[in-house]
Amino acid sequence: MQSVDIVVIGGGIVGLATAYQLGKREPALRVGVVEKEAAVAQHQSGRNSGVLHSGIYYKPGSLKAENCREGRRAMIDFCAAEGLPHSICGKVIVATRDSEVIALEHLYDRALANGVDARVIDAVELADLEPHAAGLRAIHLPEAGVADFRAVCERLVERIREQGSLVVTRAEVLGITSRRDRMVVHTRQGDFEGRDVANCAGLYSDRVAAMTGERPEARIVPFRGEYFALRESASHLVRHLIYPVPDPRFPFLGVHFTRLVDGKVECGPNAVAALGREAYGKVEVTPRDLFESITYRGFLRFAARHARVGAGEVWRSMNKGAFVSALQRLVPQVGSQDLIPARAGIRAQAMLPDGTLVDDFLISETRLAMHVLNAPSPAATSAFNIGRTLAERIEERLADC
Ligand SMILES: Cc1cc2nc3c(=O)[nH]c(=O)nc-3n(C[C@H](O)[C@H](O)[C@H](O)COP(=O)(O)OP(=O)(O)OC[C@H]3O[C@@H](n4cnc5c(N)ncnc54)[C@H](O)[C@@H]3O)c2cc1C
């Protein structure tokens with residue numbers, strides 16, 4: 001039995017940032033991070049677009065808006081202090097049809113409400129910033145950038161261990177029990193006992209919550225996002241970050257171009273209902289997860305409501321030409337021959353029984369644990385702030401005991 005102050009479940013960027021922030025409290029709290037994989041950042045935190053979001057998209061006053069603004073700053077400071085690759089290269093959101101211009105203006109209003117540095121630019125200015133992008137009008141966000149979130153996670157492991165805390169891999173959590181005022185987390189690497197637990201298990205956060213007797217109203221429904229990489233011969237078509245105007249009905253941002261910190265350009269991700277929480281292959285299925293999704297009232301309602309959009313996403317997933325067409329709206333010169341299949345990621349998206357996708361970050365707490373039940377994009381950008389919030393709350397909970 002390992003005894004620590006707090007057990008953090010999940011070695012993704014949210015769990016690691018939380019452990020790091022707990023280790024910085026006065027007096028420092030000793031943490032045990034338990035991660036089921038052989039290494040950290042194997043799921044969402046290591047399979048994303050690597051974009052440092054500026055915070056334009058989110059409802060003013062929401063947890064996403066607040067955590068993104070402050071978390072982005074903290075992420076940049078951490079990367080700078082640690083010498084980790086990152087770049088504040090700026091991004092453009094491009095309206096390519098008349099019908100998108102109004103939505104672009106609404107987005108600009110949101111930028112102002114969120115205090116985000118943004119400017120509406122015309123096609124001429126767009127051509128200066130991104131010579132190969134097509135657009136009627138665009139928003140330029142000079143504060144957006146890119147980082148390597150996997151490298152951030154790996155560095156966090158080093159710093160957490162220096163703080164005297166533990167990061168234990170291959171330690172899948174199998175159950176959680178309480179013994180008097182202590183919680184015992186049972187893992188494949190033995191038991192970890194702490195005064196509190198933070199559940200940061202991403203795609204499995206609802207199932208881990210259920211181990212404490214909690215029945216979250218929202219359930220995780222996995223959405224796969226596939227990427228292509230631009231061949232080197234075509235990478236000059238994109239300078240930095242080129243995004244479409246998002247469909248306001250969904251929390252996904254639409255396929256976009258991202259020049260990563262290593263100079264390679266990725267295109268994607270689409271958003272297709274995945275056939276398993278960690279089923280990264282197109283035809284990979286995890287029967288239990290699939291069964292859970294298709295028998296979940298919320299998912300059935302969502303699927304019925306958005307059948308057309310869903311079918312379009314599946315079509316784009318199966319048909320490279322359809323994926324290319326979506327990209328060509330932003331950069332007309334991109335052709336199918338320029339794209340090589342790249343990795344996929346799966347979003348842990350919480351969905352309510354009425355079929356609504358939970359838009360904001362969702363953190364719940366019970367006497368036994370804190371649960372991060374919805375931490376999709378921009379949670380990587382925001383991780384240090386989410387971690388600080390959790391650390392402060394955990395400290396208050398310990399003081400109340
Ligand atoms: C395709 C895609 C693109 C994205 N793009 C961006 C972006 O550009 N910018 C941005 O800010 N955000 C982006 N995001 C969102 C961002 O990646 C996530 O919000 C963030 O990584 C969530 O981190 P996490 O720690 O909550 O989850 P995860 O990284 O999924 O970590 C959860 C961890 O818990 C572990 N775990 C699960 N169950 C157990 C168990 N029973 N026992 C022990 N361990 C367990 C898992 O193995 C995993 O390592 C993107 C996400 C995706 C999928």
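These are my notebook entries on the ligand shell, some strands and a few single residues of a predicted model.

**Ground rules.** I number residues from 1 along each chain as its sequence is written. In this predicted model local features need pLDDT of at least 70, side-chain atom pairs count only at pLDDT 80 or more, and totals for chains, interfaces and linings use all residues, while side-chain values use heavy atoms and leave out hydrogens and water.

**Entry 1: the ligand shell.** I began with the residues around the ligand, taking a residue as near if one of its heavy atoms lies within 4 Å. There are 38 of them. Glu35, Ser45, Val173, Ala375 and Thr381 come nearest. I sorted the shell by residue type and got 19 nonpolar, 13 polar and six charged. Here Ala, Val, Leu, Ile, Met, Phe, Trp, Tyr, Cys and Pro count as nonpolar, Asp, Glu, Lys and Arg as charged, and the others, Gly among them, as polar.

**Entry 2: where the shell comes from.** I then looked up the elements, which are DSSP runs numbered from the N terminus (helices H or I, at least four residues; strands E, at least two). Helix H1 (13-23), strand E20 (339-351) and helix H11 (379-400) each supply at least two shell residues. H11 gives the most, with three residues. Why does the ligand lie between domain 1 and domain 3? Domain 1 (2-46 + 150-217 + 359-400) and domain 3 (219-357) both give residues to the shell, so the ligand lies between them. The domain bounds come from an automatic or database domain assignment.

**Entry 3: polar contacts to the ligand.** I use the term for a pair of N or O atoms within 3.5 Å; within protein, one must be able to donate a hydrogen and the other to accept it, and residues adjacent in sequence count only if both atoms are side-chain atoms. A polar side-chain atom of Glu35 sits 2.6 Å from a ligand oxygen. Pro376 places a backbone N or O atom 3.4 Å from an oxygen atom of the ligand. For Ala380, a backbone N or O atom is likewise 3.4 Å from a ligand oxygen. Taken alone the ligand exposes 1000 Å², and the protein buries 97% of that. Accessible areas are Shrake-Rupley values with a 1.4 Å probe; for residues, only the protein chains shown count as cover.

**Entry 4: Thr381.** This residue is found in helix H11. Buried or exposed? Thr381 is buried, at 1% relative accessible area. Buried means under 20%, exposed over 50%, partly exposed in between (1.4 Å probe, protein chains only). The Thr381 side chain reaches the backbone oxygen of Val51 at 3.1 Å.

**Entry 5: strand E14.** I checked both faces of E14 (residues 196-199). Asp196 and Ala198 on one side are buried, as are Val197 and Asn199 on the other. Two strands pair if DSSP finds at least two bridges between them. Four bridges join E14 to E2 (residues 6-9), in parallel. Val8 stands opposite Ala198 there. Two bridges link E14 to E22 (residues 370-374), again parallel. In E22, Met370 is the bridge partner of Ala198.

**Entry 6: a three-stranded sheet.** I found an open sheet with the order E4-E9-E5 and antiparallel pairing. E4 (51-52) and E5 (86-87) stand at the edges with a single partner strand each, so one side of each has no neighbour in the sheet. E5 and E9 (residues 145-147) share two bridges. His86 has Ala147 as its bridge partner in E9.

**Entry 7: Leu300.** I located this residue in helix H8 (residues 297-305). Leu300 counts as partly exposed, at 45% relative accessibility. Leu300 and Asp262 are 38 residues apart in sequence and 41 Å apart in space, C-alpha to C-alpha.
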